[in-house]
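Biologist: Please take me through one part of this model at close range, a single strand and whatever surrounds it. I would like the account to go from its pairing to its packing, and then outward.

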Amino acid sequence: MAKPIVYFTREISPGNVVRLYEALGVQLPGPVAVKVHSGEKGNQNYLRPAFLKPVIDHVGGTVVECNTAYEGERNHTRKHERLMAEHGWSELFSVDIMDADGPDLVLPIENGRVLKRNYVGAHVADYASMLVISHFKGHPMGGFGGALKQLSIGCASSAGKAYIHSGGATAEQSECWDKVAEQDDFLEAMAEAAETVVNHFGSNLAYISIACNLSVDCDCCAVAEDPCMSDIGIFASLDPVAIDQACIYAVANSDDPGRDHFLERVNSRHGIKTIEDAARLGYGTRDYDLVEL
């Protein structure tokens, strides 16, 4: 079986995001959901909507997000919609908070060790395909954030996020932080949840990851640490495991003086386990061919 291809370019520009998407050779059927990380209020590192406009326009996509499970400006729909407008998303695109109204769409997890189901924003069912655009960076809980996190935590409703973070103990936002799962269980839960979104869309998925503003903190942090590494480039693939592995490999093989600080965040949180578990579950592979454009 042929290895998946991960396309890569060092030059980060809106035009090259489109160029790498086109290299994938896919035509995502509409309606197309474009999963982004819209950025918590106060965060300085998230990808700006104007930067992503050419590729979102290219696929004719709707920008989609889901409410968070932590206190902030995105944990309830009205607040989240206001912040999306403040950050400029609503000015440039149609925006859909996918769990704005319930009930959630419940996707079964047949072979899950940690979870038996995944709760995603009900509006997922309104789309025929999804373009997953990830700002690759660190994360205070998962070690790093990339395609697998976007599929799992990103597509999960607020209740689903609580369910993943608690390892299936609760779907209540008000309870989950008192019932946080053991770290490895949380990481495995993310891999299990991501699989359900892959199964839902089948082959109608594509992934673009932009490794820039490489902070150890996520765009969900209102006060994030400034980037510790220089920008690396843009990656694109049809395999979510391969693209996350390629991003991690690029960091690990960098001679940037901030590399060790970034990797400490990944390794101290056992971040690679999510990639390992996703590969074990069989919806992607860590073995890929990198094609630089």
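Modeller: Lys-35 stands opposite Val-132 in strand E7, and that pair is a convenient place to enter the structure, which is a predicted model. Lys-35 belongs to strand E2, residues 32–35, and four bridges join E2 to E7, the two strands running parallel. Val-132 also has a bridge partner in strand E10, namely Tyr-207, and E7 and E10 pair over six bridges, again in the parallel sense.

The wider sheet is an open one of eight strands with mixed pairing, and its order is E4-E3-E2-E7-E10-E11-E1-E12. E4 (95–97) and E12 (289–292) stand at the edges, and because each has a single partner strand, one side of each is left without a neighbour in the sheet. On average, neighbouring strands of this sheet are turned by 25° against each other when direction is ignored.

As for E7 itself, all seven of its seven residues are buried, so the strand is largely enclosed by the rest of the structure. Side chains in a regular strand alternate between the two faces of the sheet. In E7, Ser-129, Leu-131, Ile-133 and His-135 point one way, whereas Met-130, Val-132 and Ser-134 point the other way, and all of these residues are buried.

Several helices pack around this strand. Helix H7 lies across E7 and E10, and its direction makes an angle of about 135° with E10. Helix H1, residues 14–23, has Asn-16, Val-17, Val-18, Leu-20 and Tyr-21 among its residues, and these are buried. The buried residues of H1 pack against E7 and E10 as well as E1, helix H2 (49–59) and strand E11 (233–237). Just after H1, Gly-25 takes a positive phi of about 70°.

E7 also takes part in the largest nonpolar core, which has 48 residues and in which Met-130, Phe-136, Phe-235 and Tyr-283 have the most contacts. At least two residues of this core come from each of E1 (5–9), E7 (129–135), H5 (147–154), H7 (183–201), E10 (205–211), H8 (240–252), H9 (259–268) and H10 (272–281). H8 gives the most, with seven residues. A second core, separate from this one, has 29 residues, including Val-17, Leu-24, Met-84 and Ile-97.

Phe-136 deserves a closer look. Leaving aside neighbours within four places in sequence, Phe-136 is in contact with Phe-144, Gly-145, Gly-146, Ile-210, Ala-211, Cys-212, Leu-214, Cys-247, Ile-248, Val-251 and Phe-262. Of these, Phe-262 leads on to helix H9, where the buried residues are Phe-262, Leu-263, Arg-265 and Val-266. Seen down the axis of H9, these buried residues fall within an arc of 150°, so they line one face of the helix. They pack against strand E8 (137–139), strand E9 (143–145), H8 and H10. His-270, just after H9, takes a positive phi of about 60°.

Toward the E4 edge of the sheet, strand E3 (residues 61–65) and E4 pair in the parallel sense over three bridges, and Glu-65 has Ile-97 of E4 as its bridge partner. Helix H3, residues 77–86, lies across E3 and E4 and runs at about 155° to E4. The loop between E3 and H3 holds Arg-74, whose side chain makes a polar contact of 3.4 Å with the side chain of Glu-65. Arg-74 counts as buried because its relative accessible area of 3% falls under the 20% cut-off. Not counting residues up to four places away in sequence, Arg-74 touches His-37, Ser-38, Gly-39, Glu-40, Glu-65, Asn-67, Thr-68, His-80, Leu-83 and Cys-220.

To return to where we began, E7 is paired with E2 through four bridges and with E10 through six, and its seven residues are buried.

Definitions and conventions:
Residues are numbered from 1 along each chain as its sequence is written. This is a predicted model: local features need pLDDT of at least 70, side-chain atom pairs count only at pLDDT 80 or more; totals for chains, interfaces and linings use all residues. Side-chain values use heavy atoms; hydrogens and water are left out. A nonpolar core is a set of buried Ala, Val, Leu, Ile, Met, Phe, Trp, Tyr and Cys residues joined through side-chain atoms within 4.5 Å. Buried means under 20% relative accessible area, exposed over 50%, partly exposed in between (1.4 Å probe, protein chains only). Contact means heavy atoms within 4.5 Å. Two strands pair if DSSP finds at least two bridges between them. Axes are lines fitted to C-alpha atoms, for helices over the stretch in contact, and angles run from 0 to 180 degrees between N-to-C directions. A polar contact is a pair of N or O atoms within 3.5 Å; within protein, one must be able to donate a hydrogen and the other to accept it, and residues adjacent in sequence count only if both atoms are side-chain atoms. The arc is that of the directions from the helix axis to the C-beta atoms.
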